[in-house]
Each structure stands twice: as structure tokens, then as C-alpha cells.
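Reader: Before I rely on the descriptive terms used for a structure, I should like to see how each one is justified. Please set the values against the definitions.

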Amino acid sequence: MTKKINNNRRQFLQNSAVGVAALTTFPGVLLAQSGPLRKKATPNFKADVEIEFVSRDVYVSILKTGRKTKVQKYYAKLLKGPKNTLVELKGNYLGPILNYVKGQKVRIYYKNMMSEPSIIHWHGLHVPQDSDGHPMYTLAPGQSHIYEFEVMNHAGTSFYHSHSHNLTAEQVYKGLAGMITVTDEEEQKLDLPRGEYDLPFVIQDRTFNAQNQLQYLHGMHGRMTGFLGESILVNGLPNVEFFVKSRAYRFRAVNGSNSRIYKLGWDDGTPLTAIGTDAHLLPKPETRPYLMLAPGERIDLWLDFSGHAVGSELVMYSLPYEGAMPPKMEAQRLGKKSSGGMGMGGGMMGGGMMGMMGSRLGQGDKFPIATFKVTEKVSDSPKLPKTLGQFERLTERDVDYKNKPIPIGISMKPMRPQLNGKSFSMNRVLDFEKVELGSIKKIKIFHDHGSMKMKEGEKMDKDMSAGNMNMGGGMGMMGGMGGGMMMSMAHPIHLHGQQFQVLSREIEGMRQEEYKTVKEGFLDTGWKDTVLVMPGEEIVIAKPFQDYKGLFLYHCHNLEHEDLGMMRQFYIS
Ligand code: C2O
Ligand code: CU
Ligand code: CU
């Protein structure tokens with residue numbers, strides 16, 4: 001018996017043209033048609049919320065002094081629906097916050113007013129293929145598309161951003177992103193912080209030049225490990241301070257960075273409490289010494305300032321950690337000598353790798369994210385609830401083909417990070433990427449080092465740590481299996497459509513010491529749509545494929561990797 005994840009959804013979609021019947025054609029055929037863009041509103045889709053969206057190239061003042069910064073920005077106008085559906089975040093590049101209610105039917109008219117192609121994806125929302133912002137719907141300048149979907153998600157935090165293949169990383173970097181919240185009856189019954197006590201916490205890193213302009217990567221090298229910026233922005237602004245009362249708050253942390261992974265924590269070791277991950281409330285609050293937040297992930301934090309005197313100041317940091325980058329780069333960052341015998345020589349592994357280091361703020365370095373200043377004493381704080389969302393734990397018993405999970409093998413060929421040994425292709429799916437509508441699949445995400453099998457790869461790890469490998473240097477090594485290992489790094493893997501649950505996490509190989517610095521920060525107890533896979537890690541998930549047929553992407557949410565082709569898709573039929 002297959003569990004039905006989205007109970008009590010309205011019957012409407014199933015019976016309408018927007019429902020499952022719309023996409024039974026084979027992907028190739030679909031793409032060959034004049035174009036899949038929806039130009040006209042579907043008459044029998046009675047929207048509760050209607051929004052007009054545009055993306056524009058504009059100048060905004062982000063930095064306090066000096067020139068305005070050229071960005072790409074979403075603007076939206078509410079045509080129909082509750083007033084609080086759109087909340088502007090003034091004075092920066094982020095799009096408005098979208099506040100939805102479960103069960104609402106939403107229609108969005110999106111027009112691309114920029115000078116380059118683009119499309120919007122609602123990361124975390126479970127919507128039909130033609131409203132998911134698949135890159136096949138990419139809009140040329142001046143073109144438009146109409147999204148129509150019912151909000152089927154439970155209460156939680158999501159994130160929208162551009163998803164036009166090869167341009168995603170740079171467009172998100174230049175500003176094309178925003179936060180989404182969903183609320184439902186169940187959440188309304190809980191005594192959670194609301195209104196002014198429920199705040200966005202979108203974390204991004206950017207590099208500004210002396211003219212206040214955003215600097216992105218030049219050339220291929222940096223793209224292979226991903227962009228790392230030098231200033232940390234919260235809700236689109238640098239050096240952010242929150243003036244808080246002595247009570248509990250909900251901060252919706254969204255990692256909207258291209259490739260930076262944060263280890264959220266207080267400096268003094270005070271633990272952090274979370275109430276939600278990736279578009280869902282957790283079954284119950286979870287407390288950890290620190291929390292890892294990879295690109296695309298969200299964590300709803302319960303920050304309680306109750307015990308703090310007026311005048312006190314707390315600083316949220318990204319605490320130091322290790323192991324997210326390839327071994328050689330980690331060694332350089334930490335100023336350690338790399339293990340003997342790994343003669344790096346010239347070529348890519350020498351100067352090239354150095355060049356890749358890019359930012360002065362390395363992946364895993366410690367830095368402050370935002371300051372919280374307690375400015376007022378109050379006594380009306382809500383208490384942390386014992387339990388939160390309704391939750392059904394998926395187990396091995398709920399998945400099809402227990403013994404033959406669908407693989408997501410991560411590999412790093414020279415300039416080609418890939419999944420399952422293939423780069424993204426708009427209209428092709430592998431056999432095991434075809435899944436039946438209504439199924440729940442077991443999926444195994446692992447590091448696939450070149451053409452070698454896992455077992456031999458593991459042996460290789462040991463050989464390398466013993467320092468007895470003749471690396472030979474240059475591209476030859478990079479192309480081989482050793483190269484895969486040498487480039488082994490952390491990848492946040494994201495799957496479109498419904499959220500999934502983590503069944504297990506295992507780590508093998510030589511990087512377990514480094515792993516100890518991140519280990520306690522993973523929150524796998526609830527629903528997720530993005531999961532950080534550290535080097536040597538193998539993660540097994542249970543993922544439902546229900547409600548909608550069609551093409552749904554899975555990819556690395558290191559946006560540089562995604563654009564380099566580290567993306568594939570499932571065909572649900
Ligand atoms: Cu947030 Cu396919 O992406
Ligand atoms: Cu997504
Ligand atoms: Cu990646």
C-alpha cells in the first residue's frame with residue numbers, strides 16, 4: 001500500500017485540464033511542439049490568488065555609501081487575494097516575500113523584462129511540471145508564461161529563484177530570488193511566533209568591487225568548486241542587525257547562496273533550536289549545538305531572547321568546519337601541509353587550484369552573519385511547543401524496490417560535475433529515471449569516483465591517505481578515477497516535486513576527522529528537499545512521486561555545478 005502524502009487536497013486539479021492529464025506525451029514530443037508556454041489563463045482554474053511578476057535589470061542602493069548596484073530583480077503586483085500575500089523587502093535586490101495558505105489556487109503571470117532569458121522556479125512547492133519553472137519553459141526577453149497551481153504544501157518556508165539552464169547561478173547571484181511561506185490550519189493552531197516575530201533570514205554571500213558592483217566568477221576554474229563571496233548579506237543587506245524584544249522569535253533561515261555552506265551557531269556554544277526544515281514543520285522541535293545550512297536548504301529557527309537583559313547583543317556566526325572542499329584546497333585553506341607523496345605538479349592541480357580558492361572567505365571559515373540586539377523587555381513570549389506538524393515517518397516498508405534503489409551518483413570530471421555519469425539533457429531520461437506516478441522510491445545518493453566501483457574507490461581512499469599514490473600531475477590524473485577523488489567535495493543535492501525523508505547517512509573513507517566538524521548539524525528528522533552530501537557520505541532517502549506526471553529535475557544546488565550540467569530529471573508517468 002502506497003502512502004498518500006498530500007491528503008485532503010481539493011479534487012479540483014484532478015478533474016481539470018491543469019491536472020495529470022496534461023502531460024502524457026513523451027518529453028521529446030513535448031519539446032518539439034511550438035512551445036510549452038501557457039499564454040492564456042485556464043478558464044476553469046478559479047484562482048484565489050493572482051500575481052503579476054516581472055524580472056528587470058535595475059540599479060538599487062544596497063551599500064550605504066557610493067553608487068547604486070546593478071542587479072536583476074523580481075517585482076510583483078497583487079491582482080487578487082489577501083493583502084499580505086506580497087511583502088516587499090525594501091532597498092535590496094530580493095523579490096517580495098510570497099505568503100500562501102495551503103489550499104489556495106494561485107495564478108502567476110510572469111513576464112521576463114530583462115535583456116536575457118529566464119524562468120522562475122518555486123523551490124519547495126509541489127506543483128505541476130508546467131508551473132515548476134523547468135528550464136524548457138525559459139522565456140526569451142519580453143516573453144511571458146502563466147503559472148497555475150494549488151498550494152499543496154503544508155506550513156513551511158520555501159524559496160523561489162531563476163532556473164534558466166546555464167544562467168541560474170549568475171541570475172540568482174544578481175538578485176533573482178525571494179522567500180515563500182506557506183501556512184495551514186494545523187500551524188495556526190500552534191502558538192508559534194507570528195507577525196513581527198516571524199522574520200525572514202535569507203543568507204547570501206556577495207563580492208562588491210570598489211564601484212559597488214557585484215563581482216561574479218571569471219572563467220571556468222572557480223565554477224568547478226562554486227562561487228564564494230566576501231561579504232555576507234542577510235535579507236539582501238550587509239552587516240545586518242535585528243532589534244529584538246526579550247521573547248521568542250521565528251527566523252526563517254534560507255540559504256540563498258550559490259555555493260556557500262553555513263554552520264549556524266552562537267559563539268559561546270549555546271545550542272540552536274529548529275522547528276522546521278525545507279518547506280515543513282518538524283514533527284517536534286530539535287536542538288543541536290549548531291546547524292548546517294547548505295544552498296537551497298531552509299531551517300526555521302526558534303530564537304528565544306527571553307533570558308537576555310535589555311542591551312545584550314548576540315552574534316550569529318557561521319562557525320568553522322572542515323571537509324567541504326577537495327582535500328588539496330582544504331589543506332591550503334587551513335595552511336596545513338598536504339600529505340606527502342601527492343606531488344601536485346603544475347597544471348590544474350597547482351596554479352589552477354590556487355586560482356579556485358577565489359574568495360578571501362573560504363568555505364568553512366568562521367565569520368559573523370548577523371547581530372541581535374535586545375532592546376525591549378516583554379513578558380508575553382510563547383512557549384516552545386512539545387510537538388509541531390503532523391508527520392508520517394517513511395521507512396523501508398513504504399518504498400518500492402528496497403534492494404534496488406535509484407542511484408544518484410555524484411562525480412567530478414574535469415570541468416564536468418555530473419550525476420549518474422551524465423550531464424543535463426533537456427529531453428532525455430535514463431531508464432531508471434522513469435518512475436510511476438504514485439510510487440515512493442528509495443534513492444541512494446553517493447560519490448561515484450570515475451569509472452571505478454565503490455569498493456575499489458574506498459580502497460583508493462586508503463592508498464591516498466597513506467600517501468603512496470603517484471599522482472603524475474596535470475589533466476591525466478584529473479580525468480582518471482584518482483581525479484574524481486581529488487575533487488571530492490560537498491554537494492547539496494535537491495529534488496524537485498514533493499519533499500523526501502532521509503532514511504540513513506553513512507560515511508566511509510579518509511575524511512571522517514573532518515566530518516566530525518559538521519556531523520551534529522544535520523537535521524534529518526523531518527521532510528527535506530535538499531540534502532548536503534559530504535565527501536565519502538552515502539545518503540539513502542525515501543521520495544514520493546505523487547500527484548503530477550511529467551519531468552521533474554534533480555540537481556546539485558551548488559549553482560555553479562548545476563549550470564555546468566550537474567542536473568538530471570525524473571520522468572513521472
Ligand atoms: Cu532551488 Cu531546481 O532549484
Ligand atoms: Cu527546486
Ligand atoms: Cu555539486
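Author: A residue counts as buried under 20% relative accessible area, as exposed over 50%, and as partly exposed in between (1.4 Å probe, protein chains only). The model is predicted, so local features need pLDDT of at least 70 and side-chain atom pairs pLDDT 80 or more, whereas totals for chains, interfaces and linings use all residues. Residues are numbered from 1 along each chain as its sequence is written, chains are lettered from A and ligands numbered from 1 in written order, and side-chain values use heavy atoms, without hydrogens or water.

Reader: Why is Glu 241 called partly exposed?

Author: Its relative accessible area is 39%. That value falls between the limits of 20% and 50%, and therefore Glu 241 is partly exposed.

Reader: What makes Glu 514 and Arg 511 a salt bridge, and are they buried or exposed?

Author: The term requires a side-chain nitrogen of Lys or Arg within 4 Å of a carboxyl oxygen of Asp or Glu. The N to O distance between Glu 514 and Arg 511 is 2.6 Å, so the criterion is met. Glu 514 has 15% relative accessibility and therefore counts as buried; Arg 511, at 9%, is buried as well.

Reader: Which residues do salt bridges with shared partners join into one network?

Author: Arg 38, Glu 50, Arg 107, Asp 130 and Glu 148 are joined in this way. Within that network, Glu 148 pairs with Arg 107, their closest N and O atoms being 2.8 Å apart. Glu 148 belongs to strand S7 (residues 144–150) and Arg 107 to strand S5 (residues 105–112), so this salt bridge ties together parts 41 residues apart in sequence. Strands here are DSSP runs of E with at least two residues, and helices are runs of H or I with at least four, numbered from the N terminus. Both Glu 148 and Arg 107 are buried.

Reader: How do you know that Lys 373 and Glu 241 form a salt bridge?

Author: The closest N and O atoms of the two are 3.1 Å apart, which satisfies the distance criterion. Lys 373 lies in strand S21 and Glu 241 in strand S13 (residues 240–245), 132 residues apart. The whole structure holds 33 salt bridges.

Reader: Why are His 121 and His 494 called donors of the copper ion (ligand 2)?

Author: Donors are N, O and S atoms within 2.8 Å of the metal (3.2 Å for Na, K and Ca); water is not among the atoms, so sites may look incomplete. The NE2 atoms of His 121 and His 494 lie 1.9 to 2.0 Å from this copper ion, and therefore they qualify. His 121 is in strand S6 (residues 120–123) and His 494 in strand S26 (residues 491–495), 373 residues apart. Both histidines are buried.

Reader: What are the protein donors of the copper ion (ligand 3)?

Author: They are His 491 (ND1), Cys 556 (SG) and His 561 (ND1), at 2.0 to 2.1 Å. His 491 sits in strand S26 and His 561 in helix H12 (residues 559–563), so the pair ties together parts 70 residues apart in sequence. His 491 and His 561 are both buried.

Reader: What makes a set of residues a nonpolar core?

Author: It consists of buried Ala, Val, Leu, Ile, Met, Phe, Trp, Tyr and Cys residues joined through side-chain atoms within 4.5 Å. The largest such core has 39 residues, and Phe 201, Leu 264 and Phe 372 are among those with the most contacts inside it. Strand S21 (residues 367–376) contributes the most, five residues.
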